[in-house]
Amino acid sequence: MAHYVWMIINALLVIGTAVYIWLFRPNNSAAVLAGKWLAQVAVLLFLVNVNMYFIFLVIRKTKIRKVKVTLARIARSMMKAHIPLAVVGTSLIVFHGVVMAWKLGAVIGFGHGKLVTGYASLAMLAITLFAGVLRRQKASGWRRTFHLVSALLFAGLFLLHLFWPI
């Protein structure tokens, strides 16, 4: 039951993000529109990666063997895509940041809260990637926790950045 709730929350987050970006943040600049598309694709990629944690959580918590086996198969294939998705998502985020700082920085100022939360999100993403590299080199409980906590902090900063008013 909990996995259905999580899937609904994910769908609402993706749909809500799209509606918010396109309806409540209109802009006529082609560069800004391209930056928005880059960010939206990156959000989807990072959402897939963040959801791996919740798949593993359901595997640990459920008592139904069939659910565990099915989710373990899904998780095995998702793990192969985890690093490539992170690299592509990070590349898109960097391009998004460059485009938006270039187009919006001059208009709203480079010290505006929207851009500052973007800088903080990018810094947290770098820490998350570093934690992932550490975890890949040698898995340990501390490195797993460091990667997980940094990823969730990145997600929180990203949401703060997304909904920060211009």
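F154 is a good place to step into this predicted model: with a relative accessible area of 10%, F154 falls under the 20% cut-off and therefore counts as buried. Its ring has a partner in F46, which is buried too, at a relative accessible area of 12%. The two ring centres lie 5.4 Å apart and the planes meet at 70°; an angle over 60 degrees counts as edge-to-face, so that is the label for this pair. What makes the contact worth a look is where its two members come from: F46 belongs to helix α2 and F154 to helix α5, and 108 residues separate them, so the pair links distant parts of the chain.

Aromatic pairs number three in this model. Another of them joins Y53 and F54, again edge-to-face, with 4.9 Å from centre to centre and 80° between the planes. Y53 has a relative accessible area of 24%, so this residue is partly exposed rather than buried. A ring also takes part in a contact of another kind at W102, where the charged end of K103 sits over the ring, 5.0 Å from its centre.

Now step back to the overall fold. The chain holds five helices and zero strands, so reading from the N terminus gives α-α-α-α-α. Of its 166 residues, 36% are buried.

Helix α5, the home of F154, deserves a closer look. It covers residues 141-163, which is 23 residues, and at 1.5 Å a residue it should span 33 Å; the C-alpha atoms at its ends are indeed 33 Å apart, so the expected and modelled spans agree. Along this helix, the buried residues are H147, L148, S150, A151, F154, F158, H161 and L162.

H147 leads us on to the largest pocket, whose volume is about 760 Å³. The pocket is lined by 26 residues, and those closest to its centre are N49, H82, G132, R135 and H147. Which helices supply at least two residues each to this lining? They are α2 (30-61), α3 (65-108), α4 (113-137) and α5. As for the character of the lining, 17 of its residues are nonpolar, five are polar and four are charged.

Two valines help to relate parts of the chain to one another. V133 lies in helix α4 and has a relative accessible area of 46%, so V133 is partly exposed. In sequence V133 is 14 residues from H147, and their C-alpha atoms are 9.0 Å apart in space. The other valine, V58, lies in helix α2, the helix that also holds F46. Is V58 buried or exposed? Its relative accessibility is 19%, and because the cut-off for a buried residue is under 20%, V58 counts as buried. Between V58 and L71, which are 13 residues apart along the chain, the C-alpha separation is 8.1 Å.

Technical notes:
Residues are numbered from 1 along each chain as its sequence is written. This is a predicted model: local features need pLDDT of at least 70, side-chain atom pairs count only at pLDDT 80 or more; totals for chains, interfaces and linings use all residues. Side-chain values use heavy atoms; hydrogens and water are left out. Helices (H or I, at least four residues) and strands (E, at least two) are DSSP runs, numbered from the N terminus. The expected span of a helix is 1.5 Å times one less than its number of residues. Buried means under 20% relative accessible area, exposed over 50%, partly exposed in between (1.4 Å probe, protein chains only). On a 1 Å grid over the protein atoms alone, a cavity is a set of points where a 1.4 Å probe fits but cannot get out, and a pocket is an open set with protein on both sides within 12 Å along at least five of seven lines; lining residues have an atom within 4 Å of a point. Grid points are joined across faces, edges and corners, and a volume is the space filled by probe spheres set on the points. Ala, Val, Leu, Ile, Met, Phe, Trp, Tyr, Cys and Pro count as nonpolar, Asp, Glu, Lys and Arg as charged, and the others, Gly among them, as polar. Rings of Phe, Tyr and Trp (its six-membered ring) pair if their centres lie within 6.5 Å; planes under 30 degrees apart count as stacked, over 60 as edge-to-face and the rest as tilted. A charge sits over a ring if NZ of Lys or CZ of Arg is within 6 Å of the ring centre and within 35 degrees of the ring normal.
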